Amino acid sequence: MRLVGKCLGYSSEGKGIIKEQGLIVFVKGLFLNEVAEIEITYQGKDVCYGKIIKLLTLSPQRIVPHCKVGTACGGCVFQALAYESELKFKQDKVQEDLIRIGNIKKDVAAIVPCQNLLHYRNKIQVPLQNIKGKVTYGFYREFSHSLVTFEECFIENKAANEVIKKTVSIINEFRYPAYDEDQKTGIFRHLLVRTSENFKEIMLVLVTAIDEFPGRNTFIKALMKQLPEVTTIIQNINVRTTNVILGTKERILFGSGFIKEKLSGLVFKIYPASFFQINLAQTELLYMKIKELLKLQGDEIVLDAYSGLGTIGMALSPYARQVISVENNEAAVQGAKESLRINNLKNVTIIQDDATRYLEQLANTPAKLDVIVLDPPRKGTTQAFIKAALKLKPKRIVYVSCDPATLARDLKDFVAQYEIKQIIPVDLFPRTYHVENCVLLTLKQ
Ligand code: SAH
């Protein structure tokens, strides 16, 4: 079914919204006030999805994108839009989510823009598939596992793009098959590349469906020879039939098994499975904002919950009496403990635990916390975590979030006891609809 409609606004995922013939249609790559002929690709009860057949009226904010793939891969919904308009979308989205979901009427500060809109990501992961007898890489088309192939991704690190391209060509030279999800046969599932800006190190992770495969040593030698810029190669074995990319078993094939990166003047060891912010320059700005918000005096006990490699806690540690970092991912905890030693920080403790369980236990002791910083994954924190935090009554809380919707939901539970002082969006993910936020809460008297 086709229809003509005007874009009235954006969905939370940055898709243009058309309301026509009683339908609400989300259209990727359609911008405010543009009129287009669209085709409905999916018709649900509440919303439909559509794709642009022909643009009839163009936004003056429309620009020529770098990427040839367009919006097909589902990554950069805003690459054909002037950056100011993308920032406005993000600013509005944070404000609207806070009101609609959290009933929070506080004005959101002006978003901190990103200086580098291209090649800002330090991590790329691509699925591999057998297409016409060749192993091929790409990104999944939205809502599917069909591959959108690309020559170069313009938000990924340039060197990482090259490593992916060359690795796939070497896999093909060796005539290895990609893993076939339907048949459950073949070898290579994903490639993951992480790059370090400050140390010029590159990690290549080969995610395979089986452990041993013929000719592995010769293959590794070929990779090392043709990819001299790669400083470590790791095989990750994922035998699962789910969408989770990394398996639990790992083998270092070359180098140290990690890369190092500098953040906030400190050095961090990054392992394949540990979280590390993908936009280094913007993370520096985010952490500066966190420091500014907290204004630590040097005598505080700070809890860094959902701490990953302990980056926030360690960045705050020179200004605090004691920092406790809590994280449940084993690889991240290992990296955090080793990073702690490299940086020779004496007042930071790393704890491997579920953040909620840890805080609940703490709330049942006479322990005192002055500050909590929490930086949970997209799904936000738990009500039990918030309940324990309310019981512990730290004077200040900074909530760092990559999803305004779950942030708004969680903030709602703090407002009885805490005042929301500042909400600062930071653009960590240009060209996509994602937006990071840090929020300062202070204990009401
Ligand atoms: N603060 C870090 C990491 C934030 S990402 C940084 O700025 O880099 C969120 C982190 O929360 C991830 O490292 C993830 O492994 C961790 N995590 C997810 N669920 C958790 C839980 N229930 N308990 C503790 N940590 C958790």
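In the predicted model, helices α7 and α8 pass one another in a left-handed crossing. The residues that form this contact comprise 9 nonpolar, 1 polar and 2 charged. On the α7 side the contact involves Ala355, Thr356, Leu359, Glu360, Leu362 and Ala363, which meet Ala384, Phe385, Ala388, Ala389, Lys391 and Leu392 of α8. Two packed helices are described by the angle between their axes and the distance between the axes. For α7 (residues 355-363) and α8 (residues 383-392), the axes come within 9 Å and cross at roughly 30°. Because angles under 35 degrees count as roughly parallel, α7 and α8 are roughly parallel to each other.

A second helix pair is formed by α1 (residues 83-102) and α9 (residues 404-414). The axes of α1 and α9 are 8 Å apart, and the packing angle is about 40°. The arrangement of α1 relative to α9 is therefore oblique. The crossing of α1 and α9 is right-handed. Helix α1 contributes Lys93, Val94, Asp97, Leu98, Ile101 and Gly102 to the contact, while α9 contributes Pro404, Ala405, Ala408, Arg409, Leu411 and Lys412. Classified by residue type, the contact of α1 with α9 contains 7 nonpolar, 1 polar and 4 charged residues.

The model also contains an open sheet of 7 strands with mixed pairing, ordered β19-β18-β17-β20-β21-β23-β22. The edge positions are occupied by β19 (348-352) and β22 (418-426); each has a single partner strand, so one side of each is left without a neighbour in the sheet. From one strand to the next, the twist averages 15°. Helix α1 packs on this sheet, where it touches β22 and β23 (436-443). The direction of α1 makes about 155° with that of β22.

Strands of a sheet pair through backbone hydrogen bonds, either parallel or antiparallel. Within this sheet, β17 and β20 stand next to each other in the strand order. Strand β17 (residues 301-305) pairs with strand β20 (residues 371-374) in the parallel sense, over 4 bridges. One of the residues involved is Val302, whose bridge partner in β20 is Val371.

At the level of the whole chain, the protein is divided into three domains. Domain 1 covers residues 2-62, and domain 3 covers residues 123-262. Domain 2 is assigned two segments, 89-115 and 279-443. The C-alpha centres of domain 1 and domain 3 are 36 Å apart.

Notes: Residues are numbered from 1 along each chain as its sequence is written. This is a predicted model: local features need pLDDT of at least 70, side-chain atom pairs count only at pLDDT 80 or more; totals for chains, interfaces and linings use all residues. Domain bounds come from an automatic or database domain assignment. Axes are lines fitted to C-alpha atoms, for helices over the stretch in contact, and angles run from 0 to 180 degrees between N-to-C directions. Helices (H or I, at least four residues) and strands (E, at least two) are DSSP runs, numbered from the N terminus. Angles under 35 degrees count as roughly parallel, over 145 as roughly antiparallel, 65 to 115 as roughly perpendicular and the rest as oblique. A crossing is left-handed if the near helix is turned anticlockwise from the far one by less than a right angle, and right-handed if clockwise. Two residues are in contact if their C-beta atoms, placed from the backbone, lie within 7 Å. Ala, Val, Leu, Ile, Met, Phe, Trp, Tyr, Cys and Pro count as nonpolar, Asp, Glu, Lys and Arg as charged, and the others, Gly among them, as polar. Two strands pair if DSSP finds at least two bridges between them.
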